[in-house]
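Please describe this protein for a first-year student. Begin with one annotated stretch, then move on to the fold, the core and the ligand shell.

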Amino acid sequence: YSGKSGPQLLGDLARKKLVKDFKALPVIIKESSSVYDAVCTLFLEDVGTLYVSNDQGHLAGVVSRKDLLRAMLGKQKIEDIPVNIIMSRMPNIVVCFLEDSIYEVAKKLINNQIDSIPVVREVKAGDRQAYEIIGRVTKTTVTKAFVEIAGDQPV
Ligand code: ADP
C-alpha cells in the first residue's frame, strides 16, 4: 500500500499523461491567407482554432473563432484582410512541448482562458529562436485524458 490518498493518486496519474501521447494534428494556415480562407479552413477541418505560420513555416500566431467573427463585423471585405492583421501573435502565444504533462497544459488553458495550445519544437531561425508547429492540445484532448484516467480505475 502506497499510503497515498485518492486525490494524490489521481494527481500522479494526471501528471503521467503526456502531450506526446494525446496531441491532435495542428491545422495551419499561412499568414498571407485571408480571413475568408481562414473561415473556410475552420469549417473544412472542423476545428475551433487555426495556427498561423510565417514564410519560414514557423509559428507566427493563432486565430480563434471569435477573432474571425470580430473581423467579419468590420466594413472591409474578408477576402481582403490577411489573417496576420487579426491574429494573436508571437511572442504572446502560449505553447507546450511533447514532454509536458496534460495536467500542466490543462492549467495553461484555464489560466490563459483559451481553448487551444500549439505543440511546438524549438528550432534555430538564424540567430533567433523559433517554433516549429507539430501538434495541438485542446479542451477535448484534456477531456480524453480525463476519461482515460477515470476508465483506468476499477470502480
Ligand atoms: P474564442 O476566441 O473563439 O473563444 P479562445 O478562447 O481560444 O477562442 O481565444 C481567445 C483569444 O485568445 C483569441 O483572441 C485568440 O486569438 C487567443 N488565443 C487562443 N489560443 C491562444 C494561445 N495558445 N496563445 C495565445 N493566445 C491565444
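## A stretch in a predicted model

Over residues 22-81, the chain is 35% helix and 23% strand, and the C-alpha atoms at the two ends lie 34 Å apart. The model is predicted. Residues 22-81 also appear in a record: UniProt lists 22-81 and 87-155 for "domain: CBS", in an unreviewed entry.

## The whole protein

The protein has 7 helices and 6 strands. From the N terminus on, the elements run α-α-β-α-β-β-α-α-β-α-β-β-α. The C-alpha atoms fill a box of roughly 65 × 40 × 25 Å along the principal axes. The protein has 155 residues, and buried residues make up 26% of them. Now take the contacts with a separation of 6 or more: residues 24 or more positions apart account for 60% of these.

## The sheet

How many strands form the open sheet, and in what order? There are 4, in the order E1-E2-E3-E4, and the pairing is mixed. Strands E1 (28-30) and E4 (88-89) are the edge strands, as each pairs on one side only. In general, strands of a sheet pair through backbone hydrogen bonds, either parallel or antiparallel. Strand E2 (residues 49-53) and E3 pair in the antiparallel sense, over 5 bridges. One link can be named: Thr49 has Ser64, in E3, as its bridge partner.

## The core

The largest nonpolar core has 31 residues, and Val52, Val63 and Val83 touch the most other members. E3 gives the most to this core, with 4 residues. In soluble globular proteins, nonpolar side chains tend to be buried together.

Val83 is worth following. Leaving aside neighbours within four places in sequence, Val83 is in contact with Ile29, Glu31, Ser33, Val35, Ala38, Val52 and Val63. Two of these contacts, Glu31 and Ser33, are compared next.

## Two loop residues

Glu31 lies in the loop between E1 and H3. Ser33 lies in the loop between E1 and helix H3 (35-45). Are they buried or exposed? Glu31 is partly exposed, because 17 other C-beta atoms lie within 10 Å. Ser33 is also partly exposed, because it has 19 C-beta neighbours inside 10 Å. The cut-off for a buried residue is 20 or more.

Glu31 makes contact with Val52, Ser53, Asn54, Ala60, Pro82, Val83 and Asn84, not counting neighbours within four places in sequence. Ser33 touches Ala38, Pro82 and Val83, with residues up to four places away left out.

The table sets sequence separation beside C-alpha distance for two pairs.

| Pair | Apart in sequence | C-alpha to C-alpha |
|---|---|---|
| Glu31 and Ser53 | 22 residues | 5.8 Å |
| Ser33 and Phe97 | 64 residues | 26 Å |

## Around the ligand

Which residues come nearest to the ligand? Of the 16 residues around the ligand, Ser64, Arg65, Lys66, Ser88 and Asp115 come nearest. Strand E3 (59-64), helix H4 (65-73) and strand E5 (116-125) are the elements that give two or more residues to this shell. By class, the shell has 6 nonpolar, 6 polar and 4 charged residues.

Strand E3 links several parts of this report. E3 pairs with E2, gives the most to the largest nonpolar core, and gives two or more residues to the shell around the ligand. Ser64 is the bridge partner of Thr49 and is among the residues that come nearest to the ligand.

Definitions and conventions: Residues are numbered from 1 along each chain as its sequence is written. This is a predicted model: local features need pLDDT of at least 70, side-chain atom pairs count only at pLDDT 80 or more; totals for chains, interfaces and linings use all residues. A residue is near a molecule or strand if its C-beta atom, placed from the backbone, lies within 6 Å of it. Ala, Val, Leu, Ile, Met, Phe, Trp, Tyr, Cys and Pro count as nonpolar, Asp, Glu, Lys and Arg as charged, and the others, Gly among them, as polar. Two strands pair if DSSP finds at least two bridges between them. A nonpolar core is a set of buried Ala, Val, Leu, Ile, Met, Phe, Trp, Tyr and Cys residues joined through C-beta atoms within 7 Å. A residue is buried if 20 or more other C-beta atoms lie within 10 Å of its own, exposed if 12 or fewer, and partly exposed in between; C-beta atoms are placed from the backbone. Two residues are in contact if their C-beta atoms, placed from the backbone, lie within 7 Å. UniProt positions are given in the numbering used here, feature names are shortened, and annotations may be inferred rather than shown by experiment.
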